[in-house]
Amino acid sequence: MTDCLFCRMVAGEIAPDTVYEDDQLLAFRDINPQAPCHILIIPKQHIASLNDLVSDDQLVLGKMVLLAQRLAAQEGLAEAGYRTVFNCNEEGGQEVFHLHLHLLAGRQMSWPPG
Ligand code: AMP
Ligand code: ZN
């Protein structure tokens, strides 16, 4: 058993509110949503952070971004707009050290982010 929360979801030890799954990716609703729609998209493979990406990960990373596009459309929020975020390490606000792309939508976003 791994101590990585998101690897435990991939392994089926914890059941998230899944919105999409295939052989490489899992997407589920954030437990503490920061917008009316807040989905996390993760690779099934454990990658700790953006700093750990290597060129072999390009395909899965591209799939994550395309899935964000597709889920925003599926949620009916693509035209209004949305935000995608990778938090990296402490100053980036990363709390779970398994790569994840936040898809936030359903409200007006502000800039700069907090
Ligand atoms: P980050 O701060 O970028 O590492 O984001 C981690 C995200 O994981 C936060 O938005 C949390 O609310 C979310 N999270 C933590 N535990 C769970 C869980 N069990 N199910 C769904 N989302 C979670
Ligand atoms: Zn993991």
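## Contacts to ligand 1

In this predicted model, a polar side-chain atom of His102 lies 2.8 Å from an oxygen atom of ligand 1. Taken alone, the ligand exposes 510 Å². The protein buries 84% of that area.

The backbone takes part as well. A polar backbone atom of Gly93 is 2.9 Å from an oxygen atom of ligand 1. At Ile31, a backbone N or O atom lies 3.2 Å from a nitrogen atom of the ligand. The distances for His102, Gly93 and Ile31 fall within 3.5 Å, so each pair is a polar contact.

## The shell and the pocket

Ligand 1 is surrounded by 16 residues. The closest are Asp30, Asn87, Glu95, His100 and His102. His102 is thus named both among the closest residues and in a side-chain contact with a ligand oxygen.

By residue class, the shell holds seven nonpolar, six polar and three charged residues. The space that ligand 1 takes is the largest pocket.

Which elements each supply at least two residues of the shell? They are helix H1, residues 5-10, and strand E2, residues 25-29. H1 gives the largest share, with three residues.

## The E1-E2 hairpin

Strand E2, a contributor to the ligand shell, also pairs with strand E1. E1 spans residues 18-21. The two strands run in the antiparallel sense, and three bridges link them.

A hairpin of three residues joins E1 to E2. Across the pairing, Tyr20 stands opposite Ala27 in E2.

## Backbone exceptions

Most residues other than glycine have a negative phi, and most peptide bonds are trans. Two sites in the model depart from these patterns.

The peptide bond that joins Trp111 and Pro112 is cis. Its omega is about 5°. Where does Pro112 lie? It lies in the segment after strand E5, which covers residues 101-105.

Asn89 is a residue other than glycine, yet its phi is positive, near 60°. Asn89 is found in helix H3, residues 89-92.

## Summary of the site

Ligand 1 takes the space of the largest pocket, and the protein buries 84% of the 510 Å² that the ligand exposes when taken alone. Its polar partners include the side chain of His102, together with backbone atoms of Gly93 and Ile31. Helix H1 and strand E2 each add at least two residues to the surrounding shell.

Terms used: Residues are numbered from 1 along each chain as its sequence is written. Chains are lettered from A and ligands numbered from 1 in the order in which they are written. This is a predicted model: local features need pLDDT of at least 70, side-chain atom pairs count only at pLDDT 80 or more; totals for chains, interfaces and linings use all residues. Side-chain values use heavy atoms; hydrogens and water are left out. A residue is near a molecule or strand if one of its heavy atoms lies within 4 Å of it. A polar contact is a pair of N or O atoms within 3.5 Å; within protein, one must be able to donate a hydrogen and the other to accept it, and residues adjacent in sequence count only if both atoms are side-chain atoms. Accessible areas come from the Shrake-Rupley method with a 1.4 Å probe; for residues, only the protein chains shown count as cover. On a 1 Å grid over the protein atoms alone, a cavity is a set of points where a 1.4 Å probe fits but cannot get out, and a pocket is an open set with protein on both sides within 12 Å along at least five of seven lines; lining residues have an atom within 4 Å of a point. A molecule sits in a cavity or pocket if more than half of its atoms lie within 2 Å of its grid points. Helices (H or I, at least four residues) and strands (E, at least two) are DSSP runs, numbered from the N terminus. Ala, Val, Leu, Ile, Met, Phe, Trp, Tyr, Cys and Pro count as nonpolar, Asp, Glu, Lys and Arg as charged, and the others, Gly among them, as polar. Two strands pair if DSSP finds at least two bridges between them.
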